[in-house]
Number of protein chains: 2
Amino acid sequence: MLIVVALGGNAFAREGGRVGSPEEQIEQVRLAAGDVADLIEDGFDVIVTHGNGPQAGLLAERVSDYLSLDMIDAATEGWMGYLIANALTNEFRRRGIRRSPVVIVTRVIVNEKDPAFQNPTKFVGPIYDKDTAERLARERGWVFKWDARGGYRRVVPSPEPLGVMEIDVIRLLLREGFVPIAVGGGGVPVIANGDVRGTEAVIDKDLASQVLANALNADYLLILTDVDYVYLNYGRPNQTRLVKVTVSEAEKYYNEGQFPPGSMGPKILAAIRFLRGGGKAAYIGPLGRARDILRGLVGTQVVMYDYFDSKHLL
Amino acid sequence: MLIVVALGGNAFAREGGRVGSPEEQIEQVRLAAGDVADLIEDGFDVIVTHGNGPQAGLLAERVSDYLSLDMIDAATEGWMGYLIANALTNEFRRRGIRRSPVVIVTRVIVNEKDPAFQNPTKFVGPIYDKDTAERLARERGWVFKWDARGGYRRVVPSPEPLGVMEIDVIRLLLREGFVPIAVGGGGVPVIANGDVRGTEAVIDKDLASQVLANALNADYLLILTDVDYVYLNYGRPNQTRLVKVTVSEAEKYYNEGQFPPGSMGPKILAAIRFLRGGGKAAYIGPLGRARDILRGLVGTQVVMYDYFDSKHLL
């Protein structure tokens, strides 16, 4: 049984989405390694994916004069993949698991005609004052939007992931018993119409993980994040936790706009697409509790049918 | 026939070792992709390795508060590996070569008792004034040395590479016809005594390439750089280019101190060790002319015996 485990980029950062010190980063990854090792002990083949929001933001703030966003994505695949690999190697050794993690720098194909390129929405990097934002817009062609926290922030397109260039390698590694770490930060977005070239965008890591999972015919998609459950009417008096929903229910709630675009929305969408593409079940729950999530003790499950609900039999 | 092709980090930078703009970086990698494609057309299986001096220096200057040097090494493996992968993908498509490049983030084992840790010698990052250097030494435990260009620069250990953690994956990928891009920047230095952990050091990329080449029983090691030949008495009136030397001659010159430690020294040492470890020949020559170097039209060859020289038959 194959499971794709997507680790949230925020799970590797401090409160507020700032990157921690080197020591803190190593500590934070340890929790994720425990989850992966648990799943392997339970008989799963595992692929690990991860986000890179805080990390790409840091690099975008510091080195955008030398690295375009695709290069930054690739750099975070190396940096964070390496930390995950070390944590897995150590956890596997401690438990006597004879598997090796491998970090594959992954390129993900997007369409240059994706409407996202006309309407950049994803914030990256720091908040600037008006003058600096205008200068950077002029000098580098960046697009800025007002950030509610008080200032201008760069926005970049977040196009749909269409395919994983390294899919053959990942399939080979799985067959040979490795634990691939792939599509980090959603993968490096490339346009493959003619020459392959990177593009200044970021791909949602949950959607990229779903594309990877379906391409590999994975059985399960597990999205680990910093919440215990997905909620309906989140933050309102009638807030309700979702424990188990069918994909049809999830689609209904999604279309009602229950889930905010920047956070829970793409996770639910990834779950829906994964099931509609042949996956058995998707799970969204807290980092450090993978085994409990799969047992239904915490987290939200998205399933094809709910066997305690006879509606689908009618 | 297997050849390991080591690309100089400076070959991807502007004059003076500064990182170029994103467009310049893409342009510079194109030359290397042509070399690799030529070798594949000539029947070789190829592994690509690369340096990261200017790139790691840039990141060390900008983000050392968040990334330790091992994380920086890993980030450059992602960043530069990705650029090389794109260039190879495009060059292969243009020529109808049915091979895929794969970037493997590689960890290289070093010994924590390596004397290099007591005597850091490798400059990284920018030049600081005395006060800043003293503050950073206090705050982060960094070691500084006087740089002849006028100021204090951080020095880090450059320990010996002992083994490649991802060797099994690289072997598998080669067997399946992929073109691995590995041990970028010499690989991420890790200590594997007990838990695997990164260490604040940089491994020479030529020595790491040699360790990889010998571990894979490669036939040839090709070090591409920005010089046409290796020279004896470099820069002096009796300067002599080396066209073809035996490994014994190379050892003699190396022990005489003919080659400066920071530049040509490790390349010659890598060539010597490669041949002493079973390699057939090592080549040092200019980027963009791999095919000419192997044909003896340019560059320096280090061979076991020189068949035009009967001394080894006595």
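## Close-up views of a predicted two-chain model

**Figure 1. A buried salt bridge in chain B.** D147(B) and R153(B) are joined by a salt bridge, with 3.2 Å between their closest N and O atoms. Please keep in mind throughout that this is a predicted model. Are these two partners buried or exposed? D147(B) has a relative accessibility of 5% and so counts as buried. R153(B) is buried too, because its relative accessible area of 13% falls under the 20% cut-off.

**Figure 2. The strand pair β6 and β7 of chain B.** Here we stay with D147(B), since β6(B) spans residues 143–147. β6(B) runs antiparallel to β7(B), residues 151–156, and 5 bridges link the two strands. R153(B), the salt-bridge partner of D147(B), falls within the β7(B) range of 151–156. For a landmark on this ladder, look for W146(B), whose bridge partner in β7(B) is Y152(B). As a reminder, strands in a sheet pair through backbone hydrogen bonds, in either a parallel or an antiparallel manner.

**Figure 3. The whole three-stranded sheet.** Stepping back a little, we find the β6–β7 pair within an open sheet of chain B, ordered β5-β7-β6 and paired in the antiparallel sense. Which strands form the edges? They are β5 (122–128) and β6 (143–147) of chain B, each of which pairs on one side only. On average, neighbouring strands of the sheet are turned by 40° against each other, direction ignored.

**Figure 4. D65(A) meets R62(B) across the chains.** This view turns to a salt bridge in which the closest N and O atoms of D65(A) and R62(B) lie 3.0 Å apart. Why does the pair join two chains? D65(A) sits in the loop between α2 (53–63) and α3 (69–95) of chain A, while R62(B) belongs to helix α2 (residues 53–63) of chain B, so the contact links one chain to the other. D65(A) is partly exposed, at 34% relative accessible area. R62(B) is likewise partly exposed, with a value of 22%.

**Figure 5. A second link between the chains, R94(B) to D195(A).** The side chains of R94(B) and D195(A) come together in a salt bridge, at 2.9 Å from N to O. Where do the two ends of this pair lie? R94(B) is in helix α3 (residues 69–95) of chain B, and D195(A) is in the loop between β10 (188–191) and β11 (197–198) of chain A. With a relative accessible area of 48%, R94(B) is partly exposed. D195(A) also counts as partly exposed, at 35%.

**Figure 6. Chain A as a frame for the close-ups.** To place the views in context, this panel shows the chain that carries D65(A) and D195(A). How many helices and strands does chain A have? There are 9 helices and 17 strands. Its C-alpha atoms fill a box of roughly 60 × 45 × 40 Å along the principal axes. The radius of gyration of chain A is 19 Å, which agrees with the value near 20 Å for a compact globule of 314 residues. Of those 314 residues, 61% count as buried. Among contacts in chain A between residues at least 6 apart in sequence, 73% bring together residues at least 24 apart. Chain A exposes about 12900 Å², with carbon and sulfur atoms supplying 48% of that area. Finally, for the structure as a whole, a search over all chains finds 52 salt bridges.

Methods
Residues are numbered from 1 along each chain as its sequence is written. Chains are lettered from A and ligands numbered from 1 in the order in which they are written. This is a predicted model: local features need pLDDT of at least 70, side-chain atom pairs count only at pLDDT 80 or more; totals for chains, interfaces and linings use all residues. Side-chain values use heavy atoms; hydrogens and water are left out. Two strands pair if DSSP finds at least two bridges between them. Helices (H or I, at least four residues) and strands (E, at least two) are DSSP runs, numbered from the N terminus. Axes are lines fitted to C-alpha atoms, for helices over the stretch in contact, and angles run from 0 to 180 degrees between N-to-C directions. A salt bridge is a side-chain nitrogen of Lys or Arg within 4 Å of a carboxyl oxygen of Asp or Glu. Buried means under 20% relative accessible area, exposed over 50%, partly exposed in between (1.4 Å probe, protein chains only). The radius of gyration is taken over C-alpha atoms; the globule rule is 2.2 Å times the number of residues to the power 0.38. Contact means heavy atoms within 4.5 Å. Accessible areas come from the Shrake-Rupley method with a 1.4 Å probe; for residues, only the protein chains shown count as cover.
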